[in-house]
Amino acid sequence: MRRRQALALVTGSLSLVAGCSSDTTTDLTPTPSKTGTEMTPESQIRELPMTTPPDPIDCDDDPRPVSRAAGDSYPDRANGFELTASKGVVTIGERITFTVTNIGDNPRGIGEKYKYNILRQHDGWEPIYFTESQAGWTDLGVRVYPGGGFRWTFTATNDGLERQNGYNPAYHVCSALEPGEYRFAFFGLGGSTISTTFMITDA
């Protein structure tokens with residue numbers, strides 16, 4: 001069974017970092033707005049583009065699971081960042097948005113917005129995402145100002161959850177989307193992962 005094969009591959013991709021790497025930190029400097037003669041910084045939330053992969057994946061040809069953040073539980077806050085969901089329950093076909101925000105008073109470093117995963121609870125946390133090859137992510141650091149961060153918006157359908165992740169692996173969904181408990185996780189906090197759970201229900 002493909003699901004069992006996928007789970008058997010989980011440990012193989014836990015610590016990989018592939019693609020180009022960089023020691024350069026991108027500065028998400030807020031766009032200043034002028035009030036009188038002073039420049040007041042504004043926080044920014046950067047969106048993950050809602051771009052689907054250009055080509056389908058052969059789900060019968062042993063695709064690789066995106067197995068990051070498959071542990072039992074993770075907090076919703078770590079390293080000065082908080083992860084929230086726009087709703088706790090989403091009906092199949094509706095949209096849901098996840099946001100990670102710098103809740104501190106100072107700029108903080110964070111990994112890129114492509115370091116995310118969605119998993120379903122089914123006798124343990126199983127990834128819904130698969131890639132055509134061994135998954136890896138670039139080593140890019142980002143400086144985020146207070147109130148800034150990342151936002152991911154998805155439609156709760158197979159196609160609506162798939163994403164083209166820039167120069168990182170494209171995420172494909174191979175199994176039918178079923179009602180149940182799911183987790184969105186962000187693993188771009190160095191050795192820490194934050195997550196939030198939500199439910200998917202039938203229309």
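This report covers the fold, core, cavities, disulfide and two strand residues of a predicted model.

## Overall make-up

The protein has 203 residues, and 43% of them are buried. Its secondary structure consists of two helices and 18 strands.

Long-range contacts carry much of the count. Among contacts with a separation of 6 or more, 76% are between residues 24 or more positions apart.

## Nonpolar core

The largest nonpolar core has 35 residues. Seven of its members touch the most others: Ile110, Ile118, Tyr129, Trp152, Phe154, Phe184 and Phe198. Strands that give two or more residues to this core are β7 (81–85), β9 (95–102), β11 (116–121), β14 (139–144), β15 (149–155), β17 (180–189) and β18 (192–201). The largest share is from β17, with five residues.

Phe198 shows what such a position looks like in detail. Leaving out residues up to four places away in sequence, Phe198 touches Lys87, Gly88, Val90, Ile96, Phe98 and Ile118, among others. Its contacts also include a run from Gly180 through Glu181, Tyr182 and Arg183 to Phe184. Two of these partners, Ile118 and Phe184, are themselves among the core members that touch the most others.

## Cavities

The model holds two cavities of 30 Å³ or more. The second largest has a volume of about 60 Å³. Its lining consists of Val90, Ile96, Phe98, Ile118, Ile128, Phe154, Thr155, Ala156, Leu161, Tyr182, Phe198 and Ile200. Strands β9, β15 and β18 each give two or more residues to this lining.

By class, the lining has 11 nonpolar residues, one polar residue and no charged residues. Some names recur from the core. Ile118, Phe154 and Phe198 line this cavity, and each is among the core residues that touch the most other members. Phe198 also contacts other lining residues, including Val90, Ile96, Phe98 and Tyr182.

## Disulfide

The whole structure contains one disulfide. It joins Cys59 to Cys174, with an S to S distance of 2.1 Å. The torsion about the S-S bond of Cys59 and Cys174 is about -80°, so the disulfide is left-handed.

The pair links distant parts of the chain, 115 residues apart. Cys59 sits in the loop between β4 (45–47) and β5 (64–65). Cys174 sits in the loop between β16 (172–173) and β17. Both cysteines are buried.

## Two residues of strand β9

Arg95 belongs to strand β9, and so does Thr101. Which of the classes buried and exposed does each fall in? Arg95 counts as exposed because its relative accessibility is 52%, and the cut-off for exposed is over 50%. Thr101 counts as buried because its relative accessibility is 19%, and the cut-off for buried is under 20%.

Their contacts can be listed with residues up to four places away in sequence set aside. Arg95 is then in contact with Met50, Lys87, Val90, Thr153, Phe154 and Thr155. Arg95 and Phe154 are 59 residues apart in sequence, yet their C-alpha atoms are 5.5 Å apart in space. Thr101 touches Ile45, Gly80, Phe81, Glu82, Gly147 and Gly148.

Note on methods. Residues are numbered from 1 along each chain as its sequence is written. This is a predicted model: local features need pLDDT of at least 70, side-chain atom pairs count only at pLDDT 80 or more; totals for chains, interfaces and linings use all residues. Side-chain values use heavy atoms; hydrogens and water are left out. A nonpolar core is a set of buried Ala, Val, Leu, Ile, Met, Phe, Trp, Tyr and Cys residues joined through side-chain atoms within 4.5 Å. Buried means under 20% relative accessible area, exposed over 50%, partly exposed in between (1.4 Å probe, protein chains only). Helices (H or I, at least four residues) and strands (E, at least two) are DSSP runs, numbered from the N terminus. Contact means heavy atoms within 4.5 Å. A disulfide is a pair of cysteine sulfur atoms within 2.5 Å. On a 1 Å grid over the protein atoms alone, a cavity is a set of points where a 1.4 Å probe fits but cannot get out, and a pocket is an open set with protein on both sides within 12 Å along at least five of seven lines; lining residues have an atom within 4 Å of a point. Grid points are joined across faces, edges and corners, and a volume is the space filled by probe spheres set on the points. Ala, Val, Leu, Ile, Met, Phe, Trp, Tyr, Cys and Pro count as nonpolar, Asp, Glu, Lys and Arg as charged, and the others, Gly among them, as polar.
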